[in-house]
Amino acid sequence: CACGGGVDASEVTTTVSAATTAPALPSGQFCENTNGWADVDSFTCEQYVQESWCTAAGEPGPAWSPAWGLITAYAPISGEFAGVSAFDACCACSGGALIACDDEVGFADALGWTCADYVTENYCTHEGTHSAGWNPAWGSIDDYPSNTTGLSAFEACCACGKSNAVSTLTTTLTTTATTTATTAEPTTAAPTTAAPTTSQPTTAAPTSMAPTTAE
């Protein structure tokens with residue numbers, strides 16, 4: 001079935017919980033996906049999350065079919081990421097790297113949204129880009145800088161790619177050899193629609209989003 005090829009209900013419940021709950025990290029740290037990584041079929045960490053193909057415990061997710069073989073079998077076989085699977089590269093799959101960073105103290109953007117709000121509403125990524133929860137109709141996150149510091153969430157929040165997040169504490173990249181999968185991932189497996197609606201803002205954005213004091 002779509003939830004793991006026939007696993008029983010208790011296994012599905014446990015796996016879904018692991019897939020949707022990120023592991024707690026020490027204060028001042030966050031996890032960053034391996035920049036530029038994609039598996040042998042060009043699926044990225046974001047797609048592994050959206051499709052529930054893995055869990056934060058480093059196991060196959062509820063939507064990963066046993067018929068596809070091992071996730072490690074889909075690591076690139078050559079190039080910069082040869083041998084690196086989603087388990088190594090993606091935070092949601094127990095991989096990635098821990099980065100030292102502290103949010104700008106007291107930050108709130110022009111509309112009063114804090115770094116925590118940006119995380120909760122899935123507005124941005126650690127790479128410093130807009131995420132699924134951000135409506136393109138609102139313009140750019142840079143359009144809503146703090147009225148006091150002039151910083152946007154991209155510059156103030158670690159989860160949005162704050163520029164001082166430069167100290168790599170731990171990396172889980174490996175060069176583990178992989179085997180060829182006996183059954184290829186389906187070519188239609190990648191999401192064809194927007195990210196799940198549960199990651200969208202719970203309330204509509206103000207009709208006039210731009211801060212009154214911004215240039």
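This passage describes the fold, nonpolar cores, disulfides, backbone exceptions and one pocket of a predicted model.

The protein chain contains five helices and three strands. Read along the sequence, these elements follow the pattern α-β-α-α-β-α-α-β. Of the 215 residues in the protein chain, 38% count as buried. Among contacts in the protein chain with a separation of 6 or more, 69% are accounted for by residues 24 or more positions apart.

The largest nonpolar core comprises 18 residues, and those with the most contacts inside it are Trp37, Tyr48, Trp64, Ile71, Ala86, Cys90 and Cys93. At least two residues of this core come from each of α2 and α3. The greatest contribution is that of α3, which gives three residues. The surroundings of Trp37 were examined with its neighbours within four places in sequence left aside. On that basis, Trp37 is in contact with Phe43, Thr44, Cys45, Tyr48, Pro76, Phe81, Val84, Ser85, Ala86, Ala89 and Cys90. Apart from the core described above lies another, of 16 residues, which includes Tyr123, Ile141, Phe154 and Ala156.

Six disulfides are present in the structure. In general terms, a disulfide is a covalent bond between the sulfur atoms of two cysteines. When the bonded cysteines of the protein chain are numbered in sequence order, the pairing reads 1-5, 2-4, 3-6, 7-11, 8-10, 9-12. Three of these links are described here in turn.

Cys54 and Cys93 form a disulfide in which the sulfur atoms are 1.8 Å apart. This link is left-handed, with -60° about the S-S bond. Cys54 is located in the loop between α2 and α3, whereas Cys93 belongs to the loop between α3 and β2, so the pair ties together parts that are 39 residues apart in sequence. Both Cys54 and Cys93 are buried, and Cys93 is also among the residues with the most contacts inside the largest nonpolar core.

A further disulfide joins Cys101 to Cys158, with an S to S distance of 1.9 Å. The link of Cys101 and Cys158 is left-handed, with -90° about the S-S bond. Because Cys101 lies in the loop between β2 and α4 (115-120) and Cys158 in the loop between α5 (153-156) and β3 (167-171), the pair ties together parts that are 57 residues apart in sequence. Cys101 is buried, as is Cys158.

Cys124 and Cys160 are likewise joined by a disulfide, their sulfur atoms being 1.9 Å apart. The torsion about the S-S bond of Cys124 and Cys160 is about -55°, and the disulfide is therefore left-handed. Cys124 is found in the loop between α4 and α5 and Cys160 in the loop between α5 and β3, so this pair ties together parts that are 36 residues apart in sequence. With a relative accessibility of 9%, Cys124 counts as buried. Cys160 also counts as buried, at a relative accessibility of 0%.

Two serines have a positive phi although neither is a glycine. For Ser42, phi is about 75°. Ser42 is placed in the loop between β1 (29-32) and α2 (45-50), and its relative accessible area of 54% makes it exposed. For Ser94, phi is about 85°. The loop between α3 (86-89) and β2 (97-100) holds Ser94, which is partly exposed, with a relative accessible area of 34%. The loop between α3 and β2 also contains Cys93 of the disulfide with Cys54.

The second largest pocket encloses about 160 Å³ of space. Its lining consists of 13 residues, of which Asp103, Cys115, Val119, Cys158 and Ala159 lie nearest the centre of the pocket. Cys158 thus takes part in the lining as well as in the disulfide with Cys101. Each of β1 and α4 supplies at least two residues of the lining. The element giving the most to the lining of this pocket is α4, with three residues. By character, the lining residues divide into eight nonpolar, three polar and two charged.

Key:
Residues numbered from 1 in each chain as written. Predicted model: local features only at pLDDT ≥ 70, side-chain atom pairs only at ≥ 80, totals over all residues. Heavy atoms only, no water. Helix = DSSP H or I, 4+ residues; strand = E, 2+ residues; numbered from the N terminus. Buried < 20%, exposed > 50% of the residue type's maximum accessible area, 1.4 Å probe, protein only. Core = buried A, V, L, I, M, F, W, Y, C linked by side-chain atoms within 4.5 Å. Contact = heavy atoms within 4.5 Å. Disulfide = S-S within 2.5 Å. 1 Å grid on protein atoms, 1.4 Å probe; cavity = no way out; pocket = protein on both sides within 12 Å on 5 of 7 lines; lining within 4 Å. Points joined across faces, edges and corners; volume = space filled by probe spheres on them. Nonpolar A, V, L, I, M, F, W, Y, C, P; charged D, E, K, R; others polar.
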